[in-house]
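Colleague: Got a minute to go through this model with me? I'd like to know what stands behind the labels.

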Amino acid sequence: MGLSDIYVAVIYASFLVIGLTTPFALTLGYLWVDTAYPQLISTVISMIPSSLIMGVAAMLIYVVGDRRSPPRFSVYTALAIVLGAWITLTITWAELPDEAWTKWDWAFKTVVFNVFLTLVLRSRVQIEAFVQVLLFSASMHMISVGIKTVLSGSGYGRHLDIIDSDAGLFESSFLASVSIALIPIILFLRKHAILIPKSRIRDFGYLGLIGIAIFSAMGTYARTALVGFLVVGVFLWLQSRRKVLFTLCAAVFALAVLARTADTWGERIQTTEDYETEGSAMGRILVWEWTINYSFTHPLGGGFQAYLIDRIEFAGDNGQPGLVIYGKAFHNMFIEMLGEQGYPGLAIYVTMMLLSLSYMWKVRRRTKGQPHLQWAHDLSGALMTSLLTVMACGCFIGIAFQAVVWYLMTLPVCLHAHLQRVEQLEHGTDRPLPWMPGLSTAASMAR
Amino acid sequence: MISLFAIVFSAGMALYITLRAAKLDRMLPWFETRSMFEQERRREKAAREEGKYKVNHGRRSDTFGVRGSAAAAAAARGARR
């Protein structure tokens, strides 16, 4: 047992202690456990069901002592509950029930926690704290990969994260996507954060994190990163007020990063051009084709891990028999939903994503030119760019139930609910809460 | 060494943010309306003019320029009315 094991255990215990007086701290603790995976890096934490303890404690203490100003029930929350029920139901006809239960275990947890998030994140401080803890939890992976890439230049196939695992952000393609998706959020925090005192150190710290995020994405050598950089670059450019300066800075930084990672990154990215001969890329196209055909015969999906039954055949050269691969992963979050949860699951999932985007659009529109809500305006823009980046990257990786994707979908719902309540107070249209007769938002805040 | 730094930094910052959030969530109004925001701006401006910008007995405010704790408490009281 090393000092780092004890340090991580102390941090974990601190969240539980703070949660006794400040219930939403337990939600932040769960976010940290779910993103940084202390159970995988500390032998002390690995001895207990850390995620379960933190999650149950967060929900229990919320119900007992933190129901001040509960938000209105949203369509998004209703859809998340329906999806939670649906992914449980599909196990009854799953192709591989045992494997399906394994994935259901963490996927269901993600859905339930995100339903809970729409209730617990209400104030500006809580929303920002969630964003900050998400960033710093992810930064554990980003710093490890990013700094090692700066020092060594990295290389394809090298594992630079803290431990060698494929769980969550330890998986290289997903880490690349999230690192890039966090860039707009870091820019937002640099401008509007109230939880870290404003200073030059804070400014340089956030700028440094952007550099680390970029090197981290490059260091994974994931081709998904190219898609992510394109999407985030375009949307940041569109939102930028100084477009020429932004273009110049982006070009200089891109040249510097490319110079540091040498030719190998370029060679790796060039394989996307030879998709017909390159095994991985062609395999993805074939598995997408297989899944679409499978969905015609199984419109309700094949349950979690249905990809394990697929059979992918590569065309052979000169009449030679082609290579056959069994159990190739979906490599696309939407295809993953289609294959596992069928058309109903895909429809609910896509509707939730579109709802989330529409909430952000509404917040942006309604907060324009309002100085007291400038932070909400900029946060909705940052979250929109982040979600679109993850959605674009998700077209090449199976991350439909990864918690970070869900957090980016759920945060706009909390932000929209926050704006609604500010508007109600401003316009004096504070209506009674339907499930608490006689209690309005303002009255419930005073409880 | 780099991995150790990553663990120490990220976990430490996550805890720091949680502590700050726990403190500020009690001080700041949950739903800040335009009138509360403008009232706060006027208060800051008046304090600056009087040379009393530094609240909390000469120390910088807890929110470091966002608002002083006394003003925040008044704003929060306003929100509850």
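Colleague: Is the crossing of H4(A) and H6(A) left-handed or right-handed?

Modeller: Left-handed: the near helix is turned anticlockwise from the far one by less than a right angle, whereas clockwise would make a crossing right-handed. Bear in mind that this is a predicted model, where local features need pLDDT of at least 70 and side-chain atom pairs pLDDT 80 or more, while totals for chains, interfaces and linings use all residues. Residues are numbered from 1 along each chain, chains are lettered from A in the order written, and side-chain values use heavy atoms, without hydrogens and water.

Colleague: What makes H4(A) roughly parallel to H6(A)?

Modeller: The axes of H4 (residues 50–65) and H6 (residues 97–120) of chain A cross at roughly 30 degrees, and angles under 35 degrees count as roughly parallel, so the label fits H4(A) and H6(A).

Colleague: Which residues of H4(A) meet H6(A)?

Modeller: A:Ser51, A:Ala58, A:Met59 and A:Tyr62, with contact meaning heavy atoms within 4.5 Å. Their partners in H6(A) include A:Phe113 and A:Phe116.

Colleague: Why are A:Arg122 and A:Asp66 called a salt bridge?

Modeller: Their side chains meet at 2.7 Å, N to O, and the rule asks for a side-chain nitrogen of Lys or Arg within 4 Å of a carboxyl oxygen of Asp or Glu, so the pair qualifies. A:Arg122 lies in the loop between H6 and H7 and A:Asp66 in the loop between H4 and H5 of chain A, so the pair ties together parts 56 residues apart in sequence.

Colleague: How many salt bridges are there between chain B and chain A?

Modeller: Zero, though the count over all chains is 10.

Conventions: Axes fitted to C-alpha atoms, helices over the stretch in contact; angles between N-to-C directions. Helix = DSSP H or I, 4+ residues; strand = E, 2+ residues; numbered from the N terminus. Parallel < 35°, antiparallel > 145°, perpendicular 65-115°, else oblique.
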